[in-house]
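Trainee: I would like to go through this model term by term. Please set each value against its cut-off.

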Amino acid sequence: MRIFGNLAESEKAKQISAANPPDDRRPASNGQGASEYFATAVALHMQGQAEEALGYLEKARKGGENLAEIYSAMAQIYLERKQYAEAAKAYRDLLAVDPDNAAAEFNLALERFLNSLEQEGHDPQ
């Protein structure tokens, strides 16, 4: 499941992705800001390019804007990839910037449950 952000952001991400194909992405020195990095990450994630999406989310995180949304997206990708320790860290980072985020608390508990299933030899699918 590839879901994070809202529909408007997803549409914006598709437009940005279409206008800037992966081979034409430029570094931050061209003025691309955190919101553009986030939109690019959404588009890449929707295209199944999780590793590349994480790279853009990391660039967006360094911009310091919308950290809760960025950490949530990072955690979602890590969960999909069964990288439970990384997902837990992203959820903890999310709770540090948004302590009342009930979804993050729930997802952190879910991550712990899935991790325990996997460690017991069960497939948490």
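Mentor: Start with polar contacts. A polar contact is a pair of N or O atoms within 3.5 Å; within protein, one must be able to donate a hydrogen and the other to accept it, and residues adjacent in sequence count only if both atoms are side-chain atoms. The model is predicted: local features need pLDDT of at least 70, side-chain atom pairs need 80 or more, and totals for chains, interfaces and linings use all residues. Numbering runs from 1 along each chain as its sequence is written, and side-chain values use heavy atoms, without hydrogens and water.

Trainee: What makes the approach of asparagine 101 to the backbone nitrogen of alanine 104 a polar contact?

Mentor: The side chain of asparagine 101 reaches that nitrogen at 2.8 Å. The limit is 3.5 Å, so the pair qualifies. The backbone nitrogen of alanine 103 is reached by the same side chain at 3.2 Å.

Trainee: Why is asparagine 101 called buried?

Mentor: Buried means under 20% relative accessible area, exposed over 50%, and partly exposed in between (1.4 Å probe, protein chains only). Asparagine 101 has 18%, so it counts as buried. It sits in the loop between H5 and H6. Helices here are DSSP runs of H or I with at least four residues, strands are E runs of at least two, and numbering starts at the N terminus.

Trainee: Which residues does asparagine 101 contact, leaving aside neighbours within four places in sequence?

Mentor: Leu94 and Leu95. Contact means heavy atoms within 4.5 Å.

Trainee: Why is phenylalanine 113 called partly exposed?

Mentor: Its relative accessible area is 47%, so it falls between the two limits. Phenylalanine 113 lies in helix H6, residues 102-119.

Trainee: Which residues touch the most other members of the largest nonpolar core?

Mentor: A nonpolar core is a set of buried Ala, Val, Leu, Ile, Met, Phe, Trp, Tyr and Cys residues joined through side-chain atoms within 4.5 Å. The largest has 30 residues, and Phe38, Leu57, Met74 and Tyr91 touch the most other members. Helices H2 (34-46), H3 (50-63), H4 (67-80), H5 (84-97) and H6 each supply at least two residues. H4 gives the most, with eight. Methionine 74 touches Leu54, Leu57, Glu58 and Ala90, not counting residues up to four places away in sequence.

Trainee: How many helices and strands does the protein have?

Mentor: Six helices and zero strands. Of its 125 residues, 37% count as buried.
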